[in-house]
Amino acid sequence: MSEALLVAQVEEQLLDLGLKRAAAVLPACVEWAAGQEATYVAFLQRLLEAEQEERHSRAMQARLRLANFPFHKTLADFDFSFQPSVDERQIRELATLTFVQECGNVIFLGPPGVGKTHLAVALGMEAIRQRMSVYFVTMQKLVSDLRRAYQEGRLDRRLRVYTQPKILICDEVGYLPLDALDAANFFRLVSERYERGSLIITSNTSFTNWGTLFGDQVLAAALLDRLLHHATTVNIRGNSYRMKDKLRAGVTHAFSGTRDEANVCVGNESR
Ligand code: ADP
Ligand code: MG
């Protein structure tokens with residue numbers, strides 16, 4: 001059998017075994033091996049590496065889709081010089097994801113536009129790169145989903161969606177006050193994840209006001225107790241990145257601090 005026919009036959013065999021990428025790169029690998037006078041095992045290693053890389057990349061794409069991120073942004077996209085209140089070293093330390101091994105939590109606090117969601121997503125993207133499961137949900141969507149599940153008598157099953165991922169990102173806690181059922185469901189979720197998985201939370205409301213937010217001081221205290229037991233809180237104070245260009249021109253208002261301590265400063269430029 002000629003070499004070309006043999007290659008074609010091996011290609012078919014690889015496809016039959018579901019090794020699509022290896023089949024695609026086979027001719028190039030054969031050519032490379034001949035040119036380099038590579039050993040059989042070096043040839044095989046190269047062929048399998050191509051297949052492995054493709055599979056890892058596909059698995060990562062699948063995990064990215066499942067994570068439900070609102071956008072795909074990484075730490076490389078974050079301009080630390082715009083937000084001096086963010087300690088770059090601390091964020092880079094968080095990005096090592098040691099906190100996930102310890103089932104710790106991260107809470108980003110700050111006014112709108114300062115990069116809370118961006119940083120939460122960036123940590124999530126890094127976790128996905130490290131082959132962890134991540135799920136992103138806004139607080140509003142989370143509580144309405146759990147409420148529906150509760151009303152339909154399937155809360156236990158539905159909670160699993162939010163307890164199973166290694167990291168759950170819960171975005172925008174505090175934009176809307178919660179009623180008793182929503183507060184109780186969220187408390188149950190936090191309790192079930194406690195010391196079993198990590199939570200990344202973003203909020204515009206400082207902890208002192210969580211009693212009001214959850215409509216129950218005792219529940220809020222118990223919730224914060226679990227949430228903050230192994231947690232890093234990143235307090236971001238500064239201007240909204242969304243207003244960056246307007247701020248440069250000194251034409252608009254900026255908030256600094258969390259909701260309760262928000263103040264208005266005209267033309268407050270941060271750089
Ligand atoms: P928040 O969640 O605090 O309201 P976001 O994270 O949604 O703010 O940020 C608003 C927009 O500005 C996003 O598109 C985000 O990527 C961008 N952004 C915020 N801060 C920075 C920054 N320091 N560097 C680069 N982009 C930023
Ligand atoms: Mg946000």
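## R147 and its partner in helix 9

R147 is partly exposed, with a relative accessible area of 22%. The model described here is predicted. In it, the side chain of R147 meets that of D182 in a salt bridge, with an N to O distance of 3.1 Å. This pair links distant parts of the chain, since R147 belongs to helix 7 (residues 139-151) and D182 to helix 9 (residues 180-193), 35 residues apart.

The acidic partner, D182, has a relative accessible area of 10%. D182 therefore counts as buried, because the cut-off for that class is under 20% relative accessible area. R147, at 22%, is placed in the partly exposed class.

## A network of shared partners

Salt bridges with partners in common join D145, R148 and R158 into one network. The structure as a whole holds 11 salt bridges.

## Two pairs within helix 3

Helix 3 covers residues 40-67 and contains both E51 and R55, which lie 4 residues apart, about one turn of the helix. These two residues form a salt bridge in which the closest N and O atoms are 2.8 Å apart. How buried or exposed is each partner of this bridge? E51 is buried, at a relative accessible area of 4%, whereas R55 is partly exposed, at 40%.

A further salt bridge in the model brings together the side chains of E54 and R58, at 3.7 Å from N to O. E54 and R58 are also 4 residues apart in helix 3, so about one helical turn separates them. The 3.7 Å distance qualifies as a salt bridge because the criterion is a side-chain nitrogen of Lys or Arg within 4 Å of a carboxyl oxygen of Asp or Glu.

Which accessibility class applies to E54, and which to R58? E54 counts as partly exposed, at 29% relative accessibility. R58 is likewise partly exposed, with a relative accessible area of 47%. The value for R58 keeps that residue out of the exposed class, because exposed means over 50%.

## E88 in helix 4

E88 is located in helix 4, which comprises residues 88-94. The relative accessible area of E88 is 34%, and this residue is partly exposed.

The position of E88 can also be described relative to A67. These residues are 21 residues apart along the chain, and a distance of 25 Å separates their C-alpha atoms.

Notes:
Residues are numbered from 1 along each chain as its sequence is written. Chains are lettered from A and ligands numbered from 1 in the order in which they are written. This is a predicted model: local features need pLDDT of at least 70, side-chain atom pairs count only at pLDDT 80 or more; totals for chains, interfaces and linings use all residues. Side-chain values use heavy atoms; hydrogens and water are left out. Buried means under 20% relative accessible area, exposed over 50%, partly exposed in between (1.4 Å probe, protein chains only).
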